[in-house]
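Visitor: I would like to learn how to read a protein model, one feature at a time. Could we start with the whole chain and then move to the details?

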Amino acid sequence: PWVMSVAKHISHVKWHLGRSSNSGITATVFGATGFLGRYVVNRLARAGARVVVPYRGDDYDVRHLRQMGDLGQVVPFEVSIRSYEQMQEAVAGSNVVINMLGKQVEPRRFDFEQTNVFFPRVLGSICAEMDVDRLIHFSALGASASAPSKWLRTKHEGEVALMEEFPTATILKLATVVGPEEKFFNKMGEFAKMLPALPMIGLPSAKQQPGHCLDVA
């Protein structure tokens with residue numbers, strides 16, 4: 001019973017448990033190879049959770065994540081989000097599932113509808129089928145049906161689709177996330193080195209309220 005309680009209230013986990021401890025949590029983290037993912041995996045591993053990292057492509061992209069936990073604690077798992085069976089295998093045995101999958105630029109192989117709408121719906125269905133205790137979905141601040149960008153509109157559609165399949169899911173609507181590897185302040189710094197002045201993008205009243213990656217994780 002205490003394991004289920006910890007899984008349902010993961011925000012209350014004592015992060016000093018240690019990487020060699022066993023908190024009873026098994027977390028599957030989709031999108032862990034991204035900028036924010038490494039910090040989430042690190043926090044989970046430091047809390048003694050076993051972390052399954054689904055990925056596609058070369059295992060070189062997930063090697064750095066293995067070092068964040070004890071031997072065998074962080075487990076890369078090659079998967080295609082187009083394969084229902086492979087997604088089931090990735091989720092099997094986990095009591096916590098975190099979805100951070102998605103990019104702000106639409107790639108050629110996966111459009112926004114596939115990554116932001118179809119995938120959350122399928123993932124929610126699988127989590128409900130497998131009685132996952134906690135499903136956490138990373139969305140975006142400003143996501144709505146009337147948003148000016150396709151990315152934000154599909155993010156909203158993904159939230160709706162996910163809640164239809166898994167009504168108790170937790171949805172985090174993030175603003176710009178900053179940190180050592182981000183492309184917001186770092187990119188502005190690169191421009192500042194090359195240009196005598198930085199142009200104003202958007203209206204002069206446009207504001208940003210970034211969150212640091214460590215605070216989000």
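Guide: Gladly, and let us begin with the surface. The accessible surface of the chain comes to about 12300 Å², and carbon and sulfur atoms account for 56% of that area. Please keep in mind that this is a predicted model.

Visitor: How many helices and strands are there in the chain?

Guide: The chain has eight helices and eight strands. Of its 217 residues, 41% are buried. Sequence separation is also worth a look: among contacts between residues at least 6 apart in sequence, 70% join residues at least 24 apart.

Visitor: Which residues have the most contacts inside the largest nonpolar core?

Guide: First, the general idea: in soluble globular proteins, nonpolar side chains tend to be buried together. Here the largest nonpolar core has 24 residues, and Val41, Leu44, Val53, Leu65 and Ile98 are those with the most contacts inside it. Two or more residues come from each of S1, helix H2 (37-46), strand S2 (50-55), S4 and S5. The element giving the most is H2, with four residues. A second, separate core of 18 residues includes Phe30, Ile81, Met87 and Leu123.

Visitor: What does Val41 touch, leaving out residues up to four places away in sequence?

Guide: Val41 touches Ala32, Val51, Val53, Leu65, Met68 and Val74 on that count.

Visitor: Why can H2 be called largely enclosed by the rest of the structure?

Guide: Seven of the 10 residues of H2 are buried, so the helix is largely enclosed by the rest of the structure. Those buried residues are Gly37, Tyr39, Val40, Val41, Arg43, Leu44 and Ala45. Beyond the helix comes Gly48, which has a positive phi near 85 degrees.

Visitor: Let us turn to H5. How does the distance between its end C-alpha atoms agree with the expected span?

Guide: Helix H5 covers residues 112-129, and at 1.5 Å a residue its 18 residues should span 26 Å. The end C-alpha atoms are 25 Å apart, which agrees. There is a bend, though: H5 turns by about 35 degrees at Phe118, and Pro120 follows within four residues.

Visitor: What should I look for at the two ends of H5?

Guide: At the N-terminal end, Asp111 acts as a cap, with a side-chain oxygen 3.3 Å from the backbone nitrogen of Glu113. Just after H5, Asp131 takes a positive phi of about 55 degrees.

Visitor: Which residues of H5 are buried, and what covers them?

Guide: A helix pattern helps here: an α-helix has 3.6 residues a turn, so residues three or four places apart point the same way. The buried residues of H5 include Phe112, Asn116, Phe119, Val122, Leu123 and Ile126. Their cover includes strand S1 (26-30), helix H4 (84-91), strand S4 (96-99), strand S5 (134-140) and helix H6 (150-165).

Visitor: Asn116 is a polar residue on that list. What is its side chain doing?

Guide: Asn116 counts as buried at 2% relative accessibility. Its side chain makes polar contacts with the side chain of Thr115 at 3.4 Å and with that of Thr154 at 3.0 Å. The C-alpha atoms of Asn116 and Thr154 are separated by 5.7 Å, although the two lie 38 residues apart along the chain. Leaving aside neighbours within four places in sequence, Asn116 is in contact with Gly102, Trp151, Thr154, Lys155 and Gly158.

Visitor: Is Asn99 buried or exposed?

Guide: Asn99, in strand S4, is buried, with a relative accessible area of 1%. The Asn99 side chain makes a polar contact with the side chain of His137 at 3.0 Å. Beyond four places in sequence, Asn99 touches residues including Phe30, Phe119, Pro120 and Leu123.

Visitor: And what about Glu159?

Guide: Glu159 is found in helix H6. With a relative accessible area of 11%, Glu159 is buried, because buried means under 20%. Its side chain makes a polar contact with the side chain of Ser139 at 2.4 Å. Apart from neighbours within four places in sequence, Glu159 is in contact with Ser139, Ala140, Ala143, Ile171 and Lys173.

Definitions and conventions: Residues numbered from 1 in each chain as written. Predicted model: local features only at pLDDT ≥ 70, side-chain atom pairs only at ≥ 80, totals over all residues. Heavy atoms only, no water. Expected span 1.5 Å × (residues − 1). Bend = angle between axes of the 7 residues up to and from the residue. Buried < 20%, exposed > 50% of the residue type's maximum accessible area, 1.4 Å probe, protein only. Contact = heavy atoms within 4.5 Å. Polar contact = N/O pair within 3.5 Å; in protein donor to acceptor, adjacent residues only side chain to side chain. Core = buried A, V, L, I, M, F, W, Y, C linked by side-chain atoms within 4.5 Å. Areas by Shrake-Rupley, 256 points an atom, 1.4 Å probe, with all protein chains shown as cover.
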